[in-house]
Amino acid sequence: MTPDLAGHARIMALADLVTPMSVRTAVTLRLADHLDAGDLTADDLAARTGAVPRPLRKLLDHLVHLGLLRAAEGRYGLTDLGRLLRRGEAPMGPFDQLDLDTVLGRTELSAVHLLHKVRTGRSVYHGMYGTDLWTHVDRAPGTPDDLKAQLALPPGFDIDVLLDHPVLARARTVVDVGGNTGALVEALLTRHPDLSATLIDLPSFAGAAAQRFAAAGLDGRAAALAQDFFQPLPAGADVYVLSAVLADWDDETAVRLLRNCALAAGGTGRILVSEVSLTERLRHVDTGMTLWFEAVMDNPDRSPDDLAALAAEAGLKVAAVEQAGTRIVLELHG
Ligand SMILES: C[S@@+](CC[C@H](N)C(=O)[O-])C[C@H]1O[C@@H](n2cnc3c(N)ncnc32)[C@H](O)[C@@H]1O
């Protein structure tokens, strides 16, 4: 049989890891910013970026091959395409996920562990870090700075179905379990002026949320508690919200978390479980992104029935189910 050399070359190009890592290394070293003022030699660039000249020169040559840089007389400069990699002082550029010095950039690298997800069903992070994503991010060096960049982001994904939920309109106190940097709490308190909130999250996220609440003048009505949400939660609130949290956990752990909320909610509190599912929306347009969500979460695809089954296992009853666009909201009680 004659080997299909063109086919082999195509497959190797599809499987290439060097080019994606070259682009990421260029972004992390901010090469485009260094070259913005004019062409430089590899030695100049090594001095400016703190890099080692010999491997850097090979990186620069590959970036020339990729059309991101051009080279003439030992000096490198930006092409029109390479100019797009300039980041300046902007905290969140379009390519921030390519910066390997940031938490976001490091989470992107987890795609290398896709096999772990496909073989075990557990998110790639367990294969890569031996823990879940959030514990890893919480402990990662530099995390608080990264999180500051998130503080401006409003909550998304058809959030109104949660913000306007009738249970929240009647409530005076809410606990946002896994509330991240506080975007949802800020939106809830803005929409419901009589509501007070306690946010629970891991220390770096809770710290960023506290900053957000202070900056928004909400610190009288919103508290951020740094605590593990598998430990006993503040008891007796009117509503416990779990928004986009359960997708990160397998069924057994999700039931444990629901039981923990049920314990705190007692006989009178309500639990709102809200999940975002992008799979149906994306599967025909971006299979890579659909796979990415599958890889980084334990289960991004639970339906209202799946969530109701988890709730039943945790001893909870479903009072109402709402769905709008990408978001599902289940109202649960003990
Ligand atoms: C996908 S984010 C959800 C953020 C937010 N609720 C929303 O609707 O966008 C999951 C959150 O759960 C938090 N989390 C994960 N494990 C936790 C734990 N053991 N204790 C407290 N928070 C945790 C993460 O830090 C993260 O902020």
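Which helix is Arg-256 found in? Arg-256 is found in helix α16, and we'll come back to that helix when we get to the core. Keep in mind throughout that this is a predicted model.

## The chain as a whole

The protein chain has 334 residues, and buried ones make up 43% of them. Its secondary structure comes to 19 helices and 10 strands. Taken along the principal axes, the C-alpha atoms fill a box of roughly 75 × 60 × 30 Å. Look at the contacts with a separation of 6 or more, and 64% of them turn out to join residues 24 or more positions apart.

## The cores, and α16 in particular

Start with the largest nonpolar core, which has 30 residues. Val-177, Phe-229, Leu-242, Leu-258, Ile-271 and Val-273 are the ones with the most contacts inside this core. Several elements each supply at least two of its residues: the strands β4 (173-177), β7 (239-243), β8 (270-276) and β10 (327-333), along with the helices α16 (251-265) and α19 (304-313). The largest share, 8 residues, comes from α16.

Leu-242 is a handy place to stand if you want to look around in here. Leaving out residues up to four places away in sequence, Leu-242 touches Val-177, Leu-257, Leu-258, Cys-261, Leu-272, Val-273 and Ser-274. Apart from this core lies another one, of 24 residues, and its members include Val-161, Leu-163, Ala-171 and Val-239.

Now back to Arg-256. This α16 residue is partly exposed, with a relative accessible area of 46%. Along the chain, Arg-256 and Asp-228 are 28 residues apart, and their C-alpha atoms are separated by 13 Å.

## Two helices packed on α5

Helix α5 (residues 53-65) packs with α4 (residues 42-49), and α5 also packs with α2 (residues 18-28). Here are the two pairs side by side.

| Helix pair | Angle | Axis separation |
|---|---|---|
| α4 and α5 | about 115° | 9 Å |
| α2 and α5 | about 110° | 10 Å |

How do these angles read in words? An angle of about 115° makes α4 roughly perpendicular to α5. For the other pair, about 110° makes α2 roughly perpendicular to α5. The handedness goes like this: α4 passes α5 in a right-handed crossing, whereas α2 passes α5 in a left-handed crossing.

On to the residues. Where α4 meets α5, the contact is made by Ala-42, Asp-43, Leu-45, Ala-46 and Thr-49 on the α4 side, with Pro-53, Leu-56, Arg-57 and Leu-60 on the α5 side. Sorted by type, the residues of that contact come out as 6 nonpolar, 1 polar and 2 charged.

In the α2 pairing, Val-18, Thr-19, Ser-22, Thr-25 and Ala-26 of α2 meet Leu-59, His-62 and Leu-63 of α5. This contact divides into 4 nonpolar and 4 polar residues, with no charged ones.

## Tyr-125

What does Tyr-125 touch, not counting residues up to four places away in sequence? The list runs to Thr-107, Ser-110, Gly-130, Thr-131, Asp-132, Leu-133, Trp-292 and Val-296. Tyr-125 lies in helix α9 (residues 124-129). With a relative accessible area of 2%, Tyr-125 is buried, because anything under 20% counts as such. If you go looking for Arg-283, 158 residues away along the chain from Tyr-125, their C-alpha atoms are separated by 22 Å.

## Two loop residues with positive phi

Glu-73 is found in the loop between β2 (69-72) and β3 (75-78). Glu-73 has a positive phi of about 50°, although it is not a glycine. Buried or exposed? Glu-73 is exposed, with a relative accessible area of 82%.

Asn-180 is found in the loop between β4 and α14 (183-191). Phi of Asn-180 is near 60°, again a positive value in a residue other than glycine. At 21% relative accessibility, Asn-180 counts as partly exposed, since the buried class covers values under 20%.

Technical notes: Residues numbered from 1 in each chain as written. Predicted model: local features only at pLDDT ≥ 70, side-chain atom pairs only at ≥ 80, totals over all residues. Heavy atoms only, no water. Core = buried A, V, L, I, M, F, W, Y, C linked by side-chain atoms within 4.5 Å. Buried < 20%, exposed > 50% of the residue type's maximum accessible area, 1.4 Å probe, protein only. Helix = DSSP H or I, 4+ residues; strand = E, 2+ residues; numbered from the N terminus. Contact = heavy atoms within 4.5 Å. Axes fitted to C-alpha atoms, helices over the stretch in contact; angles between N-to-C directions. Parallel < 35°, antiparallel > 145°, perpendicular 65-115°, else oblique. Left-handed = near helix turned anticlockwise from the far one by under 90°. Nonpolar A, V, L, I, M, F, W, Y, C, P; charged D, E, K, R; others polar.
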